[in-house]
Amino acid sequence: MSMPVESVIVGSTPETIEEASFLGDSLRAFRRNRMAMAGLAFVVLLVLSTIFVPWISPHDPYRVALDEQLLPASATYWLGTDNFGRDVLTRILYGARISLVVGIVPSLLSLMIGTVLGILSGYFGGRTDFTVMRLADMMIAFPSLLLAMVVMYTLGANLLNIFLALALVGWAGVARVVRAQTLALKQKEFIEAAHAGGTSRPTIMLRHIFPNVVPTLIVLFSLSIPEAIMWESSLSFLGVGVQPPEASWGLLVAKGKEYLFQAPLVAISPGIAILLTVLAFNFIGDGLRDALDPSMKD
Amino acid sequence: MISRTDTILSVRELRTEFRGGRGNVRVLDDISFDVGRGRIVPRPQGQVSAKSILLDGTDLATLSPDGMRRIRGNEISMVFQEPMTSLNPVRRIWDQVGEPLAVHHGLGRRAIRDRVLEMFELVGIPEPKARLEAYPHELSGGLRQRAMIAMGLICEPKLLIADEPTTALDVTTQSQILKLMLDLRDRVGTAIIMITHDLGIIAEMCDEVNVMYAGQIVEQADVFDLFERPSHPYTRGLLASIPKAGAARATKRMPSIPGMVPNLAKLPPGCRFGPRCGDAMPVCEQPPGLAGLGRGHVARCWLHASSPATCAEGAAS
């Protein structure tokens with residue numbers, strides 16, 4: 001029953017341990033996903049053109065030219081002009097600034113709120129969990145569009161309040177997902193090991209649970225951007241969002257719809273911009289989800 | 001009971017209960033034992049009611065949760081059974097192994113890294129520098145368990161609890177890890193409580209043995225004494241069920257103890273091993289106490305009780 005003890009080498013050779021990181025694997029998986037890469041390319045292009053639109057476009061998005069109303073698409077006005085004679089394409093690109101900011105900032109806000117509350121709720125359980133989850137239930141049960149509209153009406157229609165309204169609507173879903181993950185993580189042995197090592201509970205939440213939630217958060221973020229763009233569009237369309245002459249995509253659709261039969265491009269092209277952007281972000285989100293899913297690895 | 005001046009851990013009448021839907025389940029009952037400095041004793045850990053749990057003179061049973069937190073990982077630390085799941089998959093290895101240093105000594109990142117590197121060398125991780133930045137999934141099971149042991153010993157605790165530290169490893173790695181633990185015991189001077197099913201490991205590693213059955217210590221002895229004269233029928237059964245090399249195995253099935261471990265919520269009224277015991281007697285309907293066999297050897301069995309009176313404790317429950 002004796003066994004050789006001294007003669008064994010433990011572990012792998014140094015060549016095999018390099019370049020096998022989780023992030024590297026995920027990046028490779030993402031790059032192989034064509035839809036996701038196409039979505040990423042579209043978003044990058046969109047961001048660049050919204051940044052550089054003042055230098056690219058010869059047109060002023062706010063200049064009124066009543067003699068050039070509702071022109072069809074031409075070499076000068078690629079997508080025609082609107083009812084004030086403004087270039088539609090230029091206004092879409094300017095509108096993208098607001099729509100993208102509104103896509104990103106409230107998503108970040110609701111992600112932060114949702115993550116903090118979700119981890120606390122899942123980790124502590126009991127009364128904390130009950131309170132947070134019932135609050136989230138209320139948010140989810142209440143018609144979110146109505147809630148957002150009430151916020152906009154009472155606080156006034158400006159960008160900051162749009163952020164606030166959308167964060168208020170969005171955190172509950174994030175909190176639910178994060179809480180569920182925390183519950184699963186809490187059972188893991190490495191959490192028990194950290195506890196046995198004397199690590200305090202706040203530290204366990206911050207240093208052990210949070211890093212494990214991050215991949216989920218990245219995916220949630222990319223999926224909530226298009227949602228927020230849609231929300232902003234809805235609010236602006238209903239007249240409680242961005243106010244003219246400022247342009248956002250929802251507002252452009254709303255204003256353009258009156259001339260749908262004379263100049264269909266005025267309403268349809270910002271609509272298509274919304275569609276393409278939302279699709280692009282969804283593809284990116286799907287790609288990230290597949291790339292970061294730990295169950296797809298070893 | 002043996003009195004030792006350099007006892008590091010002394011547990012008296014420890015009981016642990018879990019609150020369940022159908023009443024409380026007592027998973028540990030009347031556990032008393034001592035661990036000497038730098039000794040290795042196989043045994044489990046617990047919580048809740050105990051007369052006292054003295055760690056180097058501090059009574060752990062009366063400590064606040066925060067006071068207890070300061071002990072954990074610092075003076076007592078633990079090595080878990082599963083090195084695969086005991087490390088956080090998304091954090092670099094040195095960061096995790098050094099966490100007790102940050103928690104208990106407030107060291108900075110530089111100092112922690114240096115200390116972890118030292119520990120990696122001590123526990124025999126090849127190319128320790130390259131491994132510092134690794135993630136757990138990049139290491140083999142043996143390396144991970146070495147890292148876990150490094151984590152357990154990084155604050156030079158007085159007591160290390162090892163919960164079947166080698167069951168998840170193959171036999172060659174197993175013997176290396178065990179050798180390492182013995183070696184570190186001598187160098188760091190840490191006492192080890194080893195929780196294990198493997199009698200081979202006990203014979204190889206331990207100084208004193210507490211045999212547990214259904215939440216009780218059924219036999220307590222010096223390791224040589226235990227293997228020389230196993231006195232509780234359960235211990236004898238365990239020893240008998242080890243396959244022996246060279247025995248005619250074609251003719252006989254491997255011996256095993258008949259029956260199953262009782263449900264802790266529905267324990268037999270008398271001796272907990274009684275229903276499975278080949279030597280059961282009428283008196284076994286009464287719960288036995290610990291009977292002394294000399295030289296600190298005790299067994300919870302009527303076979304060794306000189307008179308029923310010495311075993312009378314707890315008969316009412």
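In this predicted model, helix 3 of chain A goes past helix 11 of chain A in a left-handed crossing. Helix 3 covers residues 34–56 and helix 11 covers residues 264–292 of chain A, and the pair packs at an angle of about 135° with axes 8 Å apart. That angle falls short of the range over 145 degrees that would count as roughly antiparallel, so helix 3 of chain A and helix 11 of chain A end up oblique to each other.

Who does the touching here? On the helix 3 side of chain A, the contact is made by Met35(A), Ala36(A), Ala38(A), Gly39(A), Leu40(A), Phe42(A), Val43(A) and Leu46(A). Helix 11 of chain A answers with Leu276(A), Thr277(A), Ala280(A), Phe281(A), Phe283(A), Ile284(A), Asp286(A) and Gly287(A). Sorted by character, the residues of this contact between helix 3 and helix 11 of chain A come out as 12 nonpolar, three polar and one charged.

A second helix pair in chain A brings together helix 7 (residues 159–186) and helix 9 (residues 201–237), with an angle of about 150° and axes 10 Å apart. With that angle, helix 7 of chain A is roughly antiparallel to helix 9 of chain A. The crossing of these two helices of chain A is right-handed. Helix 7 of chain A brings in Ile162(A), Leu166(A), Gly170(A), Val174(A), Val177(A), Val178(A), Gln181(A), Thr182(A) and Leu185(A). From helix 9 of chain A come Ile209(A), Asn212(A), Val213(A), Thr216(A), Leu220(A), Ser224(A), Ala228(A), Trp231(A), Glu232(A) and Leu235(A). The residues of the contact between helix 7 and helix 9 of chain A split into 12 nonpolar, six polar and one charged.

Now for chain B. Its secondary structure adds up to 10 helices and 12 strands. Chain B has 317 residues, and 41% of them are buried. Take the contacts in chain B between residues at least 6 apart in sequence: 61% of these join residues at least 24 apart.

Two of the strands of chain B give a closer look at how the chain is put together. Strand 7 (residues 159–163) of chain B pairs with strand 8 of chain B in the parallel sense, over five bridges. Within this pairing, Leu160(B) sits opposite Ile192(B) of strand 8 of chain B. Strand 8 of chain B takes in residues 191–195, and four of these five residues are buried, so the strand is largely enclosed by the rest of the structure.

Conventions. Residues numbered from 1 in each chain as written. Chains lettered and ligands numbered in written order. Predicted model: local features only at pLDDT ≥ 70, side-chain atom pairs only at ≥ 80, totals over all residues. Axes fitted to C-alpha atoms, helices over the stretch in contact; angles between N-to-C directions. Helix = DSSP H or I, 4+ residues; strand = E, 2+ residues; numbered from the N terminus. Parallel < 35°, antiparallel > 145°, perpendicular 65-115°, else oblique. Left-handed = near helix turned anticlockwise from the far one by under 90°. Contact = placed C-beta atoms within 7 Å. Nonpolar A, V, L, I, M, F, W, Y, C, P; charged D, E, K, R; others polar. Buried ≥ 20, exposed ≤ 12 C-beta atoms within 10 Å, placed from the backbone. Pairing = 2+ DSSP bridges.
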